[in-house]
Structure formats: C-alpha cells, structure tokens
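This report looks at the packing, the main pocket and the ionic pairs of one protein model. Please view it alongside the text.

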Amino acid sequence: MSQFKQLCMSALEGANWEAPCDVVQACEETGPWLLEEHSMTERLRRYCKELRVEVFAQFPVDASQLTLQERSLLGDENCLVRQVIIYGDNQPWLCARTLMPQTTLTDNEKDIADLGDIPLGERVFRFGEARRDAIEVARVEMVPHALLARRSRLWVNNKPLLVAELFLPDAPVYAKER
C-alpha cells in the first residue's frame, strides 16, 4: 500500500468522530455533503465525467479489533473491511473504509463482498431498501490540509454497514472554500 493510502487510512481510523452540528454550522457550504443521506457516489458523479473506484485492500477483521464505537454501531461480530479511493476525472476525491459484518453479507447482500471496482453506494442504493443513519463528522489534519471526514451507518435491507469517508483535497466538497 502506498504511503498516501496508509496516511488516509490512519486518518480515518484515528478520527475524532462527533455529532455533525458544530462542524456543519462552522462551514455552511460543506454541510450538505457531510449530511448526505443518499448515495455519495451519485453526488460525486455530478462533478465529473468519469468516476472510478480503486480497491486497494479488502480483508477480514475480528470483532475484537473493532473500536467500542464500531461495535456499538454494528454489533460484536467479525467483519470484512473494504478500503478504496474514489477518483473523479483521475483526481483522488475520497478515501473510504467500509466495515461489513459477516451477517450483512448473506442472502441478497452476499454480492457486496465481491463488488470489485463497483462503488458501494451504487450497489446499496440501487438494489434493496437502503437508508443512512448515525452520521458523524470529523476534521482531520493531514499536512498541509485540514480535511473533512464523515462516518455513517448504511442499512441495506435492514442489515448494517459502517462507512468512513475522508474527503481528499481535490474533492468538490471544497470547491467553494478555495
């Protein structure tokens, strides 16, 4: 894994997640991005000609390795971790880490484990009943930038996934701030 990807994953794993109110009020332009309840994939597609997903890691993780917050949101069970970078017109826009409990990856949702370069949001919001809750946000220091991140629980047919997303410096979320 490249140093850049390692930095992104470390930033997501070390984020200080909090309720969105303070961060969203501090920056009105980014609020709609951070509070997006539908597909982030669909939102990002509006800002580019080509959206591409690069999966750089996918591996099982024992429930004992999850944080207390992650276990409280997903339950105390083993998960599959999927780590990706989403590119808009070949610029890295989003780094994401998804925790998929083993019980989520059953029946109609077993294909989620084998998405490859298909965006998670495309699959989750296109097939089945999907909703998002437990949205939390963070400001992450990645020199020379302070970046925004969000974490939310996705439900697909009443089965949970936990998605943490780090908005990278070239992401359209920052367009009005530049």
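The sections below cover the basis of the model, its cores, its largest pocket and its salt bridges.

## Basis

This is a predicted model: local features need pLDDT of at least 70, side-chain atom pairs count only at pLDDT 80 or more, and totals for chains, interfaces and linings use all residues. Residues are numbered from 1 along each chain as its sequence is written, and side-chain values use heavy atoms, with hydrogens and water left out.

## Nonpolar cores

The largest nonpolar core holds 37 residues. Leu12, Leu44, Cys95, Val140, Leu166 and Phe167 have the most contacts inside it. Apart from this core lies another, of 13 residues, including Leu80 and Leu161. (A nonpolar core is a set of buried Ala, Val, Leu, Ile, Met, Phe, Trp, Tyr and Cys residues joined through side-chain atoms within 4.5 Å; buried means under 20% relative accessible area, exposed over 50%, partly exposed in between, with a 1.4 Å probe and protein chains only.)

Leaving aside neighbours within four places in sequence, Leu166 is in contact (heavy atoms within 4.5 Å) with residues including Leu12, Trp93, Cys95, Val140 and Leu148.

## Largest pocket

The largest pocket offers about 150 Å³ of space. Its lining has 13 residues, and Leu12, Glu13, Glu70, Arg97 and Arg151 lie nearest the centre. (On a 1 Å grid over the protein atoms alone, a pocket is an open set of points where a 1.4 Å probe fits, with protein on both sides within 12 Å along at least five of seven lines; lining residues have an atom within 4 Å of a point. The volume is the space filled by probe spheres set on the points, which are joined across faces, edges and corners.)

S6 (159–167) gives the most to this lining, with three residues. (Helices, H or I of at least four residues, and strands, E of at least two, are DSSP runs numbered from the N terminus.)

## Salt bridges

The structure holds 13 salt bridges (a side-chain nitrogen of Lys or Arg within 4 Å of a carboxyl oxygen of Asp or Glu). Glu13 pairs with Arg97, closest N and O atoms 3.5 Å apart. Glu13 lies in helix H1 and Arg97 in strand S3, so the pair ties together parts 84 residues apart in sequence. Arg97 is buried, at 13% relative accessible area.

Arg45 and Glu122 meet at 2.9 Å, N to O. Their pair links helix H4 to helix H6, 77 residues apart. Arg45 is partly exposed at 37%.
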